[in-house]
Amino acid sequence: LNYIEGSDRYETASMIADKMNYDTAILVNGLSLADGLSTSGLSGTLNAPILLTRDSNIPSTTLEKLKASNTIYLVGGETVISSKIQNQLINMGKTVKRLSGLNRYDTSIAVANEIESIKGVQEIYYVNGIKGEADAMSVAPVASSRQNPVILTNGKSTAYTRNVPSYSIGGI
């Protein structure tokens, strides 16, 4: 049995990235995980690790892993991942693409739209965006391996629907 355990969540995510060959990475705020809940399908689509940052500075362990990437997706608005970080990555010569919306629901739709533009969507996994963190983590391996989106909802409705098989994960 092998353990992957860093000194903190940032280092642990970086250690997981060590197990992958990648040239694209996904960056989410390590303290505000709501936006990260919807990134598993994009991770599988891009074969990209999900790395963690703070809102206005990138931990050194994360920054080291970002050096291996040509393209970096920032998931979340500028209050979650600052424009300072975006500019830092651009100044490093990276292609940076921000996926965000007015709230966590819209951000999950932005992520889904990116998956759809890359390869299309064959299935959708809906989870409650307020109390469905465990549900989103449970469906993450399926979303990643099948390369399909996890959509955060308010538990009652969503603006993202497609004529494909769809699954509501967890309770209301």
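For the pocket linings below, Ala, Val, Leu, Ile, Met, Phe, Trp, Tyr, Cys and Pro count as nonpolar, Asp, Glu, Lys and Arg as charged, and the others, Gly among them, as polar. This is a predicted model: local features need pLDDT of at least 70, side-chain atom pairs count only at pLDDT 80 or more, and totals for chains, interfaces and linings use all residues. Residues are numbered from 1 along each chain as its sequence is written, and side-chain values use heavy atoms, with hydrogens and water left out.

**View 1. The largest pocket and its lining.** Here a pocket is an open set of points on a 1 Å grid over the protein atoms alone, where a 1.4 Å probe fits and protein lies on both sides within 12 Å along at least five of seven lines; lining residues have an atom within 4 Å of a point. This one has a volume of about 510 Å³, counted as the space filled by probe spheres set on the points, which are joined across faces, edges and corners. Of its 20 lining residues, Leu33, Gly36, Thr39, Ile50 and Leu52 sit closest to the centre. The lining splits into 13 nonpolar, 5 polar and 2 charged residues. H1, H2, strand S2 (50-53) and helix H6 (133-146) each chip in at least two residues; helices (H or I, at least four residues) and strands (E, at least two) are DSSP runs, numbered from the N terminus.

**View 2. The second largest pocket.** About 150 Å³ of space lies in this pocket. Its lining has 13 residues, with Tyr126, Thr153, Gly155, Lys156 and Ser168 nearest the centre. By class, that makes 4 nonpolar, 8 polar and 1 charged. S5 and strand S7 (166-169) each give at least two lining residues, and the largest share, 3 residues, is from S5.

**View 3. The largest nonpolar core.** A nonpolar core is a set of buried Ala, Val, Leu, Ile, Met, Phe, Trp, Tyr and Cys residues joined through side-chain atoms within 4.5 Å. Buried means under 20% relative accessible area, exposed over 50%, partly exposed in between (1.4 Å probe, protein chains only). This core has 21 residues, and Ile26, Leu42 and Tyr160 have the most contacts inside it. H1, S1, helix H2 (40-46), strand S3 (71-75), helix H5 (104-119) and strand S5 (124-128) each supply at least two of its residues. H5 gives the largest share, with 5 residues. Apart from this core lies another, of 15 residues, including Leu27, Ile58, Val80 and Val96.

**View 4. Leucine 42 and its neighbours.** Leaving out residues up to four places away in sequence, leucine 42 touches Ile26, Tyr73, Leu99, Val111, Glu114, Ile115 and Ile118. Contact means heavy atoms within 4.5 Å.

**View 5. Aspartate 23 and serine 69, two loop residues in contact.** Aspartate 23 is in the loop between helix H1 (9-17) and strand S1 (24-29), while serine 69 is in the loop between helix H3 (60-66) and S3. Aspartate 23 is partly exposed, at 43% relative accessible area; serine 69 is buried, at 0%. Beyond its neighbours within four places in sequence, aspartate 23 contacts Ala68, Ser69, Asn70 and Thr71. The C-alpha atoms of aspartate 23 and asparagine 70 are 5.5 Å apart, with their positions 47 residues apart in sequence. Serine 69, on the same counting rule, touches Tyr22, Asp23, Thr24, Ala25 and Lys94.
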